[in-house]
Amino acid sequence: MITHRDFELVRAVAFEQAAIVLERGKEYLVEARLTPLALREGFPTLSSFLSALRCQPSPGLLHSKIAESLTTNETSFFRDGHPFEALRRSILPELIAKRRAQRRLTIWSGACSTGQEPFSIAITIREYFPELADWRIDILATDYSPSVLRHAEDGRYNRIEVSRGLPPGLREKYFVEQGDEWQIAPEIRSMVEFKQLNLIGSWPALPSFDLIFLRNVMIYFDVKTKRSILDRIRPFLRRDGYLFLGSSETTLNIAPHWSAVTHDATVVYKLIPTPE
Ligand SMILES: C[S@@+](CC[C@H](N)C(=O)[O-])C[C@H]1O[C@@H](n2cnc3c(N)ncnc32)[C@H](O)[C@@H]1O
């Protein structure tokens, strides 16, 4: 069993590196996630690994590997269904009407995990909006974890992954079966650029986005971090753009400047106009 002192060390590392709040009582999770890391790093036990960590300058590579091991990467294609329905039925049609002159859409999936979210957006665009074939569509997909990004960049999914949320018709059309896996089609893969980005770190230069997806990541953060990220993304969302959060997430009572708007069964967020 992990000692109280070791657990507090891990808690501090997860918070400093990625803003992940590990509540007390999650000792079992820390042990389950970090023991394999300790062994991979050549330590016989988790406690010897953490003793060695105490002697290392922070932040270092081991600190980020610890935080990465503690991320939850649960995702699926078209997760929750209704946000993608709203995207298809009302949000994209509205944005397309407004962007006819520029013929360009720019989208950010800010905690993309293994890629199902940005690929679901790309598939929605290709499947339901053939008129966008000659538009410039840029989907930036970012995550803290290099290992989920490698999976996403590969665009290869096993049977369980493609059976979750992906209608068989779309799987047949936009994936190629290769042995036990399904490879995303090049036309979808090429719409998405993957990059590592820590939401609490320094950000590279970013464009203005029409849509920002920040789904099922802020649940791991405290209110101060949520507020700071919601403030930080404001300059990057166009005035008429939309923010998608996870079903259990909201801006309400956390950050001003945002208003909730309901589209079909989905709540999305817009910036409240500020006087020029
Ligand atoms: C539960 S997944 C959500 C994936 C997808 N957005 C969805 O809704 O299905 C949360 C993702 O957030 C990422 N994450 C956690 N902390 C982060 C941080 N500080 N910066 C960027 N990504 C982070 C994790 O690596 C993980 O892939």
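**Note on the ligand site and domain layout**

1. Start with the ligand: 24 residues surround it, and Thr-71, Thr-75, Ala-111, Ser-113 and Tyr-144 come nearest (near here puts the C-beta atom, placed from the backbone, within 6 Å of the molecule). Bear in mind that this is a predicted model, where local features need pLDDT of at least 70, side-chain atom pairs count only at pLDDT 80 or more, and totals for chains, interfaces and linings use all residues. Numbering runs from 1 along each chain as its sequence is written.

2. The shell around the ligand splits into 10 nonpolar, 9 polar and 5 charged residues. For the classes, Ala, Val, Leu, Ile, Met, Phe, Trp, Tyr, Cys and Pro are nonpolar, Asp, Glu, Lys and Arg are charged, and the others, Gly among them, are polar.

3. Domain 1 (4-69) and domain 2 (82-271) make up the assignment for the protein chain, with bounds from an automatic or database domain assignment. Each of the two gives at least three residues to the ligand shell.

4. Over C-alpha atoms, the domain centres are 30 Å apart. The contact takes 5 residues from domain 1 and 9 residues from domain 2 (C-beta atoms, placed from the backbone, within 7 Å). On the domain 1 side, that is 4 nonpolar, no polar and 1 charged residues.

5. Overall dimensions: the C-alpha atoms fill a box of roughly 60 × 55 × 30 Å along the principal axes. Among contacts between residues at least 6 apart in sequence, 75% join residues at least 24 apart.

How values were computed. Contact = placed C-beta atoms within 7 Å.
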